[in-house]
Amino acid sequence: MSILQVQQLSVALPTGGDRPEAVSDVSFEVHPKEILCLVGESGSGKSVIAQAIMGLLPKTLPVSRGSIQLEGEELNGARQARIRELRGARMAMIFQEPMTALNPVMRCGAQIEEVLRFHGQHAAGARRQKVLDLLREVALPEPERILASYPHQLSGGQRQRIMIAMALALEPVLLIADEPTTALDVTTQAQILNLILELQKKHGMGVLFITHDFGVVAEIAHRVAVLREGQLVEMGAKHDVLQRPRHEYTRMLIRAVPTLEPHSREARSDAKVVLTTTNLSKTYAERGWFGSRREVRAASDVNLELRKGQTLGIVGESGSGKSTVARCIVRLLKPSAGEIRLGGADLARMTPRALRPLRRRVQIVFQDPYRSLNPRRSVGQALIEGPLNYGVPRAEALERARRLLALVKLDPDVLDRYPHQFSGGQRQRICIARALALEPELLVADEAVSALDVSVQAQVLALLEEIRTRLDLAMLFITHDLRVAAQVCNHVAVMQHGRIVEYGPAREMFLAPRHEYTRALFAAAPGRGYAFGG
Amino acid sequence: MVLQNWSVRIGGVALLVLIVLATAAPWLGTVDPTLFDAASRDLKPGAAGEIMTLEGEVLKHTFLMGSDSFGRDIYSRVLYGTRVSLLVGIASALVALAFGVVCGLGAGYLRWLDGPLMRVMDGVMAIPAILIAIAVVALWRASLPTVIVAIAIPEIPRVTRLVRSLVLSIREEPYVEAAVALGTPTGKIMFGHILPNTVAPLLVQGTYICAFAILLESILSFLGVGLPPDIPTWGNIMAEGRVQFVAYPHNVFFPGVFLAATVLAVNILGDGLRDTLDPKMAKRV
């Protein structure tokens, strides 16, 4: 018998949404000892399904039809009090962002204990022992110390382990995991996925695992269900779906997953050098009250060289200093030491006044397309801002803006529209066009495709590649995703703790990584070595 | 979307009615609010009486809200007082916003200015608003501009703090960094990129200042340190009626009702604007 049975589930969207229902007629089952992966792009309704099961839907999104049965008990229309009893006890959920899912002013131990207390489990004395057991079970080091820590004192991976311990506290039969590793670094992600697999086997739980990442699916799933705009388009065993997808949409998604195979791409070593950094360092100093100083070295002794027409990737996990290097090169930050040579000029020591004429030669595209455009300025205003700053007449700047929109494959007539009228991928195209409006020599892409859905990501990557060859640009590509780096980079620098640990041609590094950390990164990449079909 | 909010509708309509009353005062059966007639002293509301114009002409007049101890028509004085109150409220809000925005943008975006400027603002905030206002009026002659400035000054630090906190979060937005990378001069970034994104919360803050300014003006007039007694304001009328409050409560009652209604209308409008324009500050429904 299945532990969770969802039949013909539909959830209505408020009127005025882009479609009448967030989820339409979705049916699936989760069996005991099984991991069902619910895969879909943003807006596909996968989180709505999880919330519907847990009874956490906001009032604006009511379940309009269908049934949800947990161990044969109907949840749709059940009393709130009953759902509250089942939550935690029979079904539990872990979330994407453990920092916001944990209460910041409560010690972690107390938060886990609360679950036991509210469900009337264990005597007060025994609870502490149970919490310690749970912390040991999720493989947290020094459980005694963790018990007394606040969430901010732990790392992201540790926080997610706390969430998992909390979810497991009452031995639920169903665990819902809503993108539990998306906010984590790749090496941490691998550990958490292993932990979930291990615990699932040990406790024989059914797991509903929600993700957008086919690499993760390949690692963890038994069965896969693919969602598109609220409808289930394909469901089946993992190998069937990943290797012989039947639906066109699934095929498209799987094709869009970048592979770890580096593209063979001849790197001309005689091209003109655009950028060199010599011992580039950035140190943040915190001055204490009594003269004590604490220094944080965000980047130290970074040496890079980038030639015209080439792409240099900087790969690293969060806190590795990769974005600091990018910001120093664009001079949004002032480096503490070292040189940044762009052509002949050293940008590192320049005053803001001397820097202004040089800014046009280096442009940047940011990660978050929703925050990169001023919501109160039209696309046209955004695109002509740069050229107007450098004295290009308005008519000519507008003409250039139209050409750029065509270059990034958008309709040139959208100049009067505002950013909220565009999707994430379209906004990122606008940001690229804005950066190109100044005809830079160097384009810095700081995690420029990380926030995008996989199908859109593939399109934007192709666009960046096309622009680089067409305009013979030098590109500095910052990413945490090795697969993305494999697609676009000639050279790759791997950063850890503010230092470059390995630097060389992409092909050589991907085939034979030398540094231990690089190898760890490769080993952690989800779905490596899985032969996707399509 | 803004007009669908009931708070905005109710507050807006009430305020509109007050503005109409204030501008159309001469045609709403009023007489010159400074006229007095010893024969028509201390009339009850609705009583008929006579009042002599400056030219010596005697008019038949119904004292809708009664008359005061000089024989002046309270109704006329309250309506003309509405003009003063709304003018002081709106002008003070504009002055406070203008200075507060400039200071807040400077403190928020130019780091070197932040420390010194905010310490000055802290200093101003440490003095009660009413004391600053009294001091300013005492320094200069009590006139309309003086009172407006006197009421606006204690509000400037509050606006500055609000704008500064908004700027501190907006300056970290990638679109501001993109503008820096595009070579946009600092002034253009401050006024072209950051300022437009602070407008919604500022509008809301503006209505609160407006309501507070109307109150403060009445308080100053009531205490006798505001506008001179020959200008009819709600505070003045109440101050003069205060001594006879037990015998003739209408002297205080009617201007008091207008004052309360106006402040309430402006505050309701502000709450509605906050809920519609500024989802971050909106109370959860």
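This is a short dialogue on reading a predicted model of two chains, A and B.

Visitor: Where do I start with a predicted model? What are the ipTM and pTM scores here?

Guide: Start with the scores. The model has ipTM 0.81 and pTM 0.83.

Visitor: And per chain? What is the mean pLDDT of chain B?

Guide: The mean is 88 for chain B. Of its residues, 97% reach 70 or more.

Visitor: Next, the fold. How many helices and strands does chain B have?

Guide: Count the elements, then read their order. Chain B has 11 helices and 2 strands. From the N terminus, one helix leads, two strands follow, and helices make up the rest of the run: α-β-β-α-α-α-α-α-α-α-α-α-α.

Visitor: What does the C-alpha trace of chain B span along its principal axes?

Guide: About 75 × 45 × 35 Å.

Visitor: How much of chain B is buried?

Guide: Burial is read from how many neighbours surround each residue. In chain B, 44% of the 285 residues are buried.

Visitor: What share of the chain B contacts join residues at least 24 apart?

Guide: Set aside pairs that are close in sequence. Among contacts between residues at least 6 apart, 66% join residues at least 24 apart in chain B.

Visitor: Now helix packing. At what angle do H8(A) and H20(A) cross?

Guide: Compare the two axes. Helix H8 of chain A covers residues 186-203, and helix H20 of chain A covers 516-524. Their axes come within 8 Å and cross at roughly 45°. That angle is why H8(A) counts as oblique to H20(A).

Visitor: Is the crossing of H8(A) and H20(A) left-handed or right-handed?

Guide: Left-handed.

Visitor: Which residues of H8(A) and H20(A) meet?

Guide: H8(A) brings A:Val186, A:Thr187, A:Gln189 and A:Ala190. H20(A) brings A:Ala520, A:Leu521 and A:Ala524. By class, this contact between H8(A) and H20(A) has 5 nonpolar residues, 2 polar and no charged.

Visitor: Last, the interface. How many residues of chain A are in contact with chain B?

Guide: Count each side separately. On chain A there are 20 residues, in contact with 14 residues of chain B.

Visitor: Which elements of chain A give two or more residues to that side?

Guide: Helix H13 (352-359), strand E16 (362-365) and helix H14 (379-389) of chain A. The largest share, 3 residues, comes from H14(A).

Visitor: How do the residues on that side of chain A divide by class?

Guide: The side of chain A that touches chain B has 7 nonpolar, 5 polar and 8 charged residues. Set that beside the helix pair, where no charged residues take part in the contact of H8(A) with H20(A).

How values were computed
Residues numbered from 1 in each chain as written. Chains lettered and ligands numbered in written order. Predicted model: local features only at pLDDT ≥ 70, side-chain atom pairs only at ≥ 80, totals over all residues. Axes fitted to C-alpha atoms, helices over the stretch in contact; angles between N-to-C directions. Helix = DSSP H or I, 4+ residues; strand = E, 2+ residues; numbered from the N terminus. Parallel < 35°, antiparallel > 145°, perpendicular 65-115°, else oblique. Left-handed = near helix turned anticlockwise from the far one by under 90°. Contact = placed C-beta atoms within 7 Å. Nonpolar A, V, L, I, M, F, W, Y, C, P; charged D, E, K, R; others polar. Buried ≥ 20, exposed ≤ 12 C-beta atoms within 10 Å, placed from the backbone. pLDDT = per-residue confidence, 0-100.
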